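Reader: I would request a close look at one part of this model, namely the salt bridges and their surroundings. Please set out the reasoning in full and connect it to the nonpolar packing.

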Amino acid sequence: MIENGFYKVKQEFIELIRKLGGTYEHVKRRPIFCCFEDKYTKGMYWAIPTSDFSHRAPQQIAKINAWVSLPSRDIRSNYYHIGHTNKPAIYRISNCFPITDKYIEGEYISKGRHLVLADNAEIEIIKRKLARIIFDENRHPNKYEQHITSIRDYLLEELAKDAI
């Protein structure tokens, strides 16, 4: 994986989340945004599911806009980021998770090429919001529905076994 690239997740990973007690909706096989490699664990990346506006009801868009507009000290202001990939997109930051290459099905291809986010200003905003969510998760393990802490612990064990 490369940072700021978009990827498809294997169904095996979705099943792992469920096995660990988390929930994750992956009905439409949305791309994930691979934000950055974990600074403490080589080979583990932090990923954010993305979505587009085309199937969102006006009430859903209004709710997302309301959360994004909250004061920055409110953790809910970091739940989403409205940005652009190859089209207007919603970054579902509070649905983030750690992931390794083992669970990547492949690159997300758009217009014949691997989609990679190139807007540095947007990348910095997303990274800041993701850091807030990870910090909140560290203070309140498994607070978020996908059970970030359980996923991270499982992947750390898996990476340690693979290193032997």
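Author: A residue is called buried when its relative accessible area is under 20%, exposed when that value is over 50%, and partly exposed in between. The model discussed here is predicted.

The count of salt bridges comes to five. One of them joins the side chains of Lys-87 and Asp-52, with an N to O distance of 3.3 Å. Lys-87 belongs to the loop between β4 (81–84) and β5, whereas Asp-52 is part of strand β3; the pair therefore ties together parts that are 35 residues apart in sequence. The two partners fall into separate accessibility classes: Lys-87, at 35% relative accessible area, is partly exposed, while Asp-52, at 18%, is buried because the limit for that class is 20%.

Two further salt bridges can be described in similar terms. Asp-74 pairs with Arg-76, and their closest N and O atoms are 2.7 Å apart. Arg-76 is partly exposed, at 36% relative accessible area. The side chains of Arg-152 and Asp-153 also meet in a salt bridge, at 3.8 Å from N to O. Here the basic partner is the buried one: Arg-152 has a relative accessible area of 19%, whereas Asp-153, at 35%, is partly exposed.

Strand β3, which holds Asp-52, leads to the nonpolar packing. The largest nonpolar core has 24 residues, and those touching the most other members are Phe-33, Ile-48, Tyr-91, Ile-126, Leu-130 and Ile-133. Two or more residues of this core come from each of β2 (32–37), β3 (44–52), β5 (88–91) and α3 (120–139). The most come from α3, which supplies five. If residues up to four places away in sequence are left aside, the contacts of Ile-48 include Phe-33, Cys-35, Tyr-91, Ile-126 and Leu-130.

Apart from this core lies another, of 19 residues, including Phe-13, Ile-14, Tyr-24 and Met-44. Phe-13 and Ile-14 are also among the buried residues of helix α1 (residues 11–19), together with Leu-16 and Ile-17. Viewed down the axis of α1, these buried residues fall within an arc of 155°, and so they line one face of the helix. In general, an α-helix has 3.6 residues a turn, so residues three or four places apart point the same way. The cover over the buried residues of α1 includes β1 (5–9), β6 (97–100) and α4 (148–163). Just after α1, Gly-21 adopts a positive phi of about 95°.

Conventions
Residues are numbered from 1 along each chain as its sequence is written. This is a predicted model: local features need pLDDT of at least 70, side-chain atom pairs count only at pLDDT 80 or more; totals for chains, interfaces and linings use all residues. Side-chain values use heavy atoms; hydrogens and water are left out. Buried means under 20% relative accessible area, exposed over 50%, partly exposed in between (1.4 Å probe, protein chains only). Helices (H or I, at least four residues) and strands (E, at least two) are DSSP runs, numbered from the N terminus. The arc is that of the directions from the helix axis to the C-beta atoms. Contact means heavy atoms within 4.5 Å. A nonpolar core is a set of buried Ala, Val, Leu, Ile, Met, Phe, Trp, Tyr and Cys residues joined through side-chain atoms within 4.5 Å. A salt bridge is a side-chain nitrogen of Lys or Arg within 4 Å of a carboxyl oxygen of Asp or Glu.
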